[in-house]
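Welcome to this short tour. Please have your viewer ready, and keep the selection box within reach.

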Amino acid sequence: MVVPESQEKMYYPPDDLKRDAHVPDFNSYLALYRKSLENPDAFWKEIADEFFWKKPATGPLLQYNFDVTKGNIYVKCMEGAKTNMCYNVLDRLVKEKNFGEKGRKLTCHHMAITYSQLLRQVCCCANVLKEMGVKKGDRVSIYLPMIPELVYTMLACARIGAVHSIVFAGFSSESLCERIIDASSCVLVTADGVYRGEKLINLKQIADEALEKCREKGSSTVTKCLVIKHPALRTKSGDACNKLQTPWDSDCDVWWDEAMRDSPEECEPEWLDAEDPLFILYTSGSTGKPKGVLHTVAGYLLYTSLTFKYVFDHHHDDVYWCTADIGWITGHSYITYGPLANGATSVLFEGIPVHPHVGRFWEIIEKYKVTKFYTAPTAIRLLMKYGREPLQKYDLSSLRILGTVGEPINPEAWQWYHEVVGQGRCPVVDTFWQTETGGHVLTPLPAATPLKPGSATFPFFGVEPAILNEHGEELEGEAEGYLVFRRPWPGIMRSVYRNHERFENTYFKKFPGFYVTGDGCKRDKDGYYWITGRIDDMLNVSGHLMKCLYCFVTLKHSREFNHTLQDELKRLVREKIGPIATPDFIQNAPALPKTRSGKIMRRILRQIARNEKDLGDLSTLADPKVVEELFSQRCEAAA
């Protein structure tokens, strides 16, 4: 890994950012990176020393086996230590001298919550859960929109040692039911309703339908449903309360306000083993059955804290905003745990980018003087359509660093983000990671890494990537193949909940000794990594990884899909790649099935190509109508 000498367009960090940066230049990055690989115990111990441990670790800081041929796969971080996540992200900071005077807070809508106030709310909620019978190790399902009570509840679970399972509040009752059953949750926390744009959604009704489905399947483990009255339903004109009929079961349902009213504001934390579970988060698998990704306390704390601090170059005077939903891993790691562990002032956002107007994001950045902004390429491309005019109404001069997450950002969107939103002066940190990795694994550091639009650049500390071919042989230098990791970092997942065999088969069986991401990757001559897409959607032809020969084509508005265009595309493929790569079938795709974070659900495209109507779990799909349209286009083409 060397400082790049490529003649292609590079974007270098601004000098004013380097002056106070945690990692001020590329040589500093290289020195720290080498230390993280050559002496990982010393590297991670320095990070661990910043936190509170009721009992210190007794053995090597990081222990693991990545080779299925040598026994069970395992990762352990700080074995023997005892701590508590909630204590470390709240009590530890509140007790710091003068911390409260620095005004750090969580800002949501028109209310600001200081760390001291957040701690009191979390303790009240923790006591409510304990009163409902929740104990250490019990699972709590949370089905909430982006309101402060979501943060209170997840931290309350962490405080008492319960395992939270957050389910995105846009999922169906079937998806919620499936996740409740798999986790065997004893309590469900939800809200009466939520507005999605102008549409009013009855969340409580969906939650009740999910619980009824659990009973029908003989897996009714939920004994209490804690229900929050969404504040937005009380402020909308036309008295939204009357529009929303909230179903109620007095044997099970409890209003949040009533439960919290007399709940004590102090709650002793449960001191947990370093490898005790912190949360389960379900992610769709290739079979369509969601996987319960399991993360544990100590390693996740260390990793989310450090990645947040270095990737966003966080300082105490920053105002940070991540636009994700906490129902996804980005919200877990970079709205809640990572920022709070650093005492960050953050913005908590509920809504969509274009409501009530297309300048909503820029309005919030101006209002709160946001310095670090983290969003998805999907959102960037959506806002690009409206041009520069909406941005010109707002002052974005507070911005210093921009970030992207969810999928590789295309160069055109990268340029617009950098030049228009960041006004040419803000580095763009294009972060690659997964629910399974817990935090960033390939990412630039804003003051240290020269940027190439579309590249995830270099590995984070403690992360050792490799590129393998189909036969498991490691490729050196410029190469393209399977992206794998040779060793763990503290924040990597520990298992698939209640299915360790699936964990080993999914991530470690194909190439023993490596964690297999499932993504393809290329490394250029400067050592930069570029994510090329899901590897199981590719073919290996004469050493080249290629997309499936059944092709879906989305056209620009000026083009018409017809036989002439199909012939032209096939000719181009033959010329650029070779006759062996000529598509057998090309289908018009006005839109593609994507998750709400912008990832293309290629599993669904394969099933459409095969005309398989049983699509499995579609809960992460942003717009189900896209699937209907693609099946319709397939039938028209076949006819």
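We will move through some aromatic pairs, a helix, two charged side chains and an annotated stretch of the chain. Keep in mind that this model is predicted.

**Stop 1: aromatic rings**

How many aromatic pairs does a search of the whole structure find? The count is 50. Select Tyr11 and Trp414, one of these pairs. Their centres are 4.8 Å apart and their planes meet at 55°, a tilted arrangement. Now colour the chain by residue number: Tyr11 belongs to the segment before α1 (15-18), while Trp414 sits in helix α16 (residues 411-421). The two partners are 403 residues apart, and the pair links distant parts of the chain.

Are these two rings buried or exposed? Tyr11 is buried, with a relative accessible area of 11%, and Trp414 is buried too, at 1%.

**Stop 2: another tilted pair**

Next, select Tyr29 and Phe461. Their ring centres lie 5.6 Å apart with the planes at 40°, so this pair is tilted. Tyr29 is in helix α2 (residues 26-38) and Phe461 in the loop between β20 (428-430) and β21 (465-468), so the pair ties together parts of the chain 432 residues apart in sequence. Tyr29 is buried, with a relative accessible area of 2%, and Phe461 is also buried, at 0%.

**Stop 3: helix α16**

Go back to Trp414 and show the whole of α16. Which of its residues are buried? They are Ala413, Trp414, Trp416, Tyr417, His418, Val420 and Val421. To see what covers them, display the surrounding elements, including α13 (360-368), β18 (372-375) and α14 (377-384). Then add α15 (389-392), β19 (401-404) and β20, which are also among the covering elements. Following the helix, click on Gln423, where phi is positive, near 55°.

**Stop 4: charges over rings**

Select Lys76 and Tyr74. The charged end of Lys76 sits over the Tyr74 ring, 5.5 Å from the ring centre. Then select Lys613 and Phe631: here Lys613 lies over the face of Phe631, at 5.1 Å from the centre of the ring.

**Stop 5: an annotated stretch**

Finally, select residues 29-89. An unreviewed UniProt entry annotates this range as "domain: Acetyl-coenzyme A synthetase N-terminal". Within residues 29-89 the chain is 39% helix and 16% strand. Pick the C-alpha atoms at the two ends of the range, and you will find them 26 Å apart.

Conventions
Residues numbered from 1 in each chain as written. Predicted model: local features only at pLDDT ≥ 70, side-chain atom pairs only at ≥ 80, totals over all residues. Heavy atoms only, no water. Phe/Tyr/Trp six-rings, centres within 6.5 Å; stacked < 30°, edge-to-face > 60°. Helix = DSSP H or I, 4+ residues; strand = E, 2+ residues; numbered from the N terminus. Buried < 20%, exposed > 50% of the residue type's maximum accessible area, 1.4 Å probe, protein only. Lys NZ or Arg CZ within 6 Å of the ring centre and 35° of its normal. Contact = heavy atoms within 4.5 Å. UniProt positions renumbered as here; feature names shortened; annotations may be inferred.
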